[in-house]
Amino acid sequence: KASNPLSFFLQAKMSRPVQARRLEGIDKNIWVEFVKLAATYSKVNLGQGFPDFPAPDFLTEAFTRALGGGNHMLHQYTRAFGHPPLVKVLAQFFEKLLGRDLDPMTNVMVTVGAYQALFCCFQALVDEGDEVIIIEPFFDCYEPMVKMAGGTPVFVPLRPNPPKDGKLMSSADWQLDPAELVSKFSERTKAIVLNSPNNPLGKVFNRRELGLIAELCVKHDVLCISDEVYEWLVYDGKQHIRIATLQGMWDRTVIIGSAGKTFSATGWKVGWVVGPDRLLQHLRTVHQNSVYHCATIAQEAVAQGFQRELMLYGKPESYFVQLPKELQQKRDWLVQSLDGVGMKPIVPEGTYFLVADISQFKSDVPDVPNSDEPYDYRFAKWMVKNKGLAAIPLSAFYSEGHKNNYTNFIRFCFAKEEATLKAANDILQKWKQEKTS
Ligand code: PMP
């Protein structure tokens, strides 16, 4: 039988592994899976973290002005490390927050969302063999990003303490065990990732907790990658403390922020890093060899948003004052809904998110012993398919080794219109009635 003379070459090509070794074991992504499920089945989507209410008028108007105004150069490339008006106003703003002088050209860099800021940090600062401490539960991308850089993630969990006198649990009840944290630092530790306010729990780290982390960073000469994308979303009069303001920390901290969360416009994907030039110079190297430029018009509009906020700083009209008030109300609605049906909420001190205990609903979704899939995954999938309500399993925010300790919780996003939260409440109430009837 005459064979195709090309077949040898085709076969030879196809038997060769195509992907780089650094991608091994990091191909699964919770968002890809659950965003698709929510799109297919959900009537009410409290899964992925984005607001379904509009971004503020002053921001969208700034975008429209930039788009249609007289400056046609806003349609062209701008400065690679950040549109000058944006890095300038960010420097002014963070000078206020950090109490130190900043150079907009060397202490600030604009990125494609906080996500790219994180990627630049890990690529620029983590070497083969370095260890990076990650506090669990954590925003899931930290782990694969550390691994892609050749580093080894070292996990330390926040441990829940029972709440006092029959009260609802608070995210503040989840704490680091100081001795356990100390034990994770070694000469191999290059960095720690801090995310306060924390996604998914909504924990806002207090001064004592940050003090211990800072002390250990200084003692072991460790860098701090401080993901502060929810910096303005703090409730009940709590204060967001920036670890870079603690003694010895400025020089070793990269602060990460996001206009998406700050101005309720997650689709714009404008983020930034603020930090010392000795660290940012290396982030610029990664940026110039990967993304290079970020969209000029979105940067221009965000710059104008910050100019407004600088003028109104601390005043009642400031968006950074108004947004947390509105979100606190939304948090309270969802807390009430969940508490009312026995899906015990952990009251968050900050962020868009709230974690709830599903133990009392286990009879509806029986456990499958020895299943590969953690229980909360199956529960969240069942809930979206059968009840039309989308949420994210908490174990997605844990490392492989610790996932199975936290399978009785799911995460809801409450940065939603009142009508959306009411619709969620209706689903939960109906479900509870079905259970009891
Ligand atoms: N860090 C945390 C903790 C987040 O929750 C998110 C978004 N969910 C990001 C970073 C990424 O932010 P951005 O959309 O600006 O890329």
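Angles of 65 to 115 degrees between two axes count as roughly perpendicular. That cut-off comes in handy straight away in this predicted model. The axes of helix 13 (residues 375-387) and helix 14 (residues 418-436) cross at roughly 95° and come within 12 Å of each other, so helix 13 and helix 14 are roughly perpendicular. On the helix 13 side, the contact is made by Phe379, Trp382, Met383 and Lys387; helix 14 brings Ile427, Trp431 and Glu434 to the meeting. Sorted by class, the residues of this contact come out as five nonpolar and two charged, with no polar ones.

Helix 13 has another partner, helix 2 (residues 30-41), and here the picture changes. The axes of helix 2 and helix 13 are 9 Å apart and make an angle of about 25°. Angles under 35 degrees count as roughly parallel, so that is the label for helix 2 and helix 13. From helix 2, the residues taking part are Ile30, Glu33, Phe34, Leu37, Ala38 and Tyr41, and they meet Tyr377, Ala380, Lys381, Val384 and Lys385 of helix 13. Again there are no polar residues in the contact of helix 2 with helix 13, which splits into eight nonpolar and three charged.

What about the inside of the protein? In soluble globular proteins, nonpolar side chains tend to be buried together. The largest nonpolar core in this model holds 145 residues. Those touching the most other members are Phe122, Ile192, Ile213, Phe306, Met343, Phe379 and Phe412, and Phe379 has already turned up in the contact between helix 13 and helix 14. Helix 4 (residues 84-98) gives the most to the core, with nine residues. Since domain 1 (22-54 + 319-436) and domain 2 (57-312) both supply residues, the core lies between them.

Phe306 is worth a look of its own. Setting aside residues up to four places away in sequence, Phe306 touches Leu86, Val89, Leu90, Phe93, Thr262, Phe263, Trp272 and Phe320.

Phe93 also shows up next to Tyr313, a residue in the loop between helix 11 (296-311) and helix 12 (319-341). Not counting neighbours within four places in sequence, Tyr313 is in contact with Phe93, Lys96, Leu97 and Trp232. Is Tyr313 buried, exposed or partly exposed? Its relative accessibility is 37%, so Tyr313 counts as partly exposed. As for distance, Tyr313 and Pro163 sit 150 residues apart in sequence, and their C-alpha atoms are 36 Å apart in space.

Conventions: Residues are numbered from 1 along each chain as its sequence is written. This is a predicted model: local features need pLDDT of at least 70, side-chain atom pairs count only at pLDDT 80 or more; totals for chains, interfaces and linings use all residues. Side-chain values use heavy atoms; hydrogens and water are left out. Axes are lines fitted to C-alpha atoms, for helices over the stretch in contact, and angles run from 0 to 180 degrees between N-to-C directions. Helices (H or I, at least four residues) and strands (E, at least two) are DSSP runs, numbered from the N terminus. Angles under 35 degrees count as roughly parallel, over 145 as roughly antiparallel, 65 to 115 as roughly perpendicular and the rest as oblique. Contact means heavy atoms within 4.5 Å. Ala, Val, Leu, Ile, Met, Phe, Trp, Tyr, Cys and Pro count as nonpolar, Asp, Glu, Lys and Arg as charged, and the others, Gly among them, as polar. A nonpolar core is a set of buried Ala, Val, Leu, Ile, Met, Phe, Trp, Tyr and Cys residues joined through side-chain atoms within 4.5 Å. Buried means under 20% relative accessible area, exposed over 50%, partly exposed in between (1.4 Å probe, protein chains only). Domain bounds come from an automatic or database domain assignment.
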